[in-house]
Amino acid sequence: MKQIYFPEGTKLQDAENLNAMQSVEQLHFAARRGQILEAVAVSCTAEHDLVLELPCGRAVIPRTECARGIAEGTTRDIAILSRVGRPVSFEVIDPFSTPILLSRRHAQDRVIEWAMQELTAGDIIHAKVTHLEPFGTFVDIGCGVPSFIGIEHLSVSRIFHPSERFSVGQAIHAAVLGIDTEKERILLTHRELLGTWAENAAFFHPCETVSGVVRSIESYGIFVELTPNLSGLAEYRPDLQNGDRVSVYIKSIVPARMKIKLNIIDRLSDQPPFSPPLHYFITEGRLTEWVYSPPECTTRHIATAFVPS
């Protein structure tokens, strides 16, 4: 599967995109080819039409053309207001009108049609984080078409809020978890791209001291995240809280039990809030099955089966 539509902002500075808007004639040529272009929305009118200043003149995206679902009432107008100052994708409807007439909805319709026909479970795609909720992350998978990653699918290491893993505007990779053709929705997952237990554990060795982030405090111990897909367990300490940065001594790494035993050396109170950076082990292709647990582990089995729709 080759991804042909990308999150808004991806093509904003591309020469092909910029050249297509230099004159009305070039814009007309882009319209005839069905080219999807990008520009920044500079304002939103009282009628909720988006206004863009193209190199060849002022353009407008009428309210009902700003997003799928606006005309039907299934998409709220905040989806329009929130685009001001940000890139928007569009097709050119009439390059000779004053102002120039554009449609973002047409571009989104093409993305949905492509996704419903071409995407299947396990496909890896590019996405961009658009906003964060306590229950998960919304992303743009192309031309502003939204998709969703539940918080449980962000990483193996548990977090309390997606802001501990992502920031708005961040470009990420994701895998298709499922497709609802009836509702035209694409569900995504992320944790499978961040490596298995063994792949992450290979970065560490017993007797090393490394830094980590406190992710869960239990009566029997404290879970410290070493990477987004790897945590270890240290003895309980009353002076720590979730999100604290700590230095830890690695006592042992036990693949058969999928365990890493740690000693907390110090609370890094002088360090700013921090999340271990994302390291992708897989960035393209299609997954059929992903097994997190090492083969020798008999205590837990963590895996994802990608079943085509």
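Helix α4 (residues 104–118) lies across β9 (171–180) and β10 (185–189), and its direction makes an angle of about 65 degrees with that of β10. This is a predicted model, so please read everything below with that in mind. Both of those strands belong to a five-stranded barrel, and a second barrel is built from β11, β12, β13, β15 and β14. The briefing below takes the barrels in turn, then the largest pocket, and ends with the cysteines.

**The barrel that α4 lies against**

- Going round this barrel, the strand order is β6-β7-β8-β10-β9, with five strands closing the ring and mixed pairing.
- On average, neighbouring strands here are turned by 50 degrees against each other, direction ignored.
- Within the barrel, β7 (residues 136–140) pairs with β8 (residues 146–150) in the antiparallel sense, over five bridges.
- Looking across to β8 from Phe138, you will find Phe148 standing opposite.

**The second barrel**

- Here too five strands close into a barrel, in the order β11-β12-β13-β15-β14, and the pairing is mixed.
- The twist from one strand to the next averages 50 degrees.
- Strands β11 (residues 209–218) and β12 (residues 221–227) run antiparallel and are joined by five bridges.
- Ile217 faces a partner in β12, with Ile222 standing opposite.

**The largest pocket**

- The largest pocket has a volume of about 1,400 Å³.
- Its lining counts 37 residues, and those nearest the centre are Ala79, His131, Phe138, Gly144 and Pro146.
- Two or more lining residues come from each of α3 (78–81), α4, β6 (124–133), β7, β8 and β10.
- Strand β6 gives the largest share of the lining, with five residues.
- Phe138 is worth a second look: this residue is among those nearest the pocket centre, and Phe138 also stands opposite Phe148 in β8.

**The cysteines**

- How many disulfides does a search of the whole structure find? The search finds zero.
- For Cys143, the reason is distance: the closest cysteine sulfur, in Cys66, is 14 Å away, which is too far for a bond, because a disulfide needs the two sulfur atoms within 2.5 Å.
- Is Cys143 buried or exposed? Cys143 counts as buried, because its relative accessibility is 3%, under the 20% cut-off.
- Cys297 has a relative accessibility of 11% and therefore counts as buried as well.

How values were computed: Residues are numbered from 1 along each chain as its sequence is written. This is a predicted model: local features need pLDDT of at least 70, side-chain atom pairs count only at pLDDT 80 or more; totals for chains, interfaces and linings use all residues. Side-chain values use heavy atoms; hydrogens and water are left out. Buried means under 20% relative accessible area, exposed over 50%, partly exposed in between (1.4 Å probe, protein chains only). Two strands pair if DSSP finds at least two bridges between them. Helices (H or I, at least four residues) and strands (E, at least two) are DSSP runs, numbered from the N terminus. Axes are lines fitted to C-alpha atoms, for helices over the stretch in contact, and angles run from 0 to 180 degrees between N-to-C directions. Contact means heavy atoms within 4.5 Å. On a 1 Å grid over the protein atoms alone, a cavity is a set of points where a 1.4 Å probe fits but cannot get out, and a pocket is an open set with protein on both sides within 12 Å along at least five of seven lines; lining residues have an atom within 4 Å of a point. Grid points are joined across faces, edges and corners, and a volume is the space filled by probe spheres set on the points.
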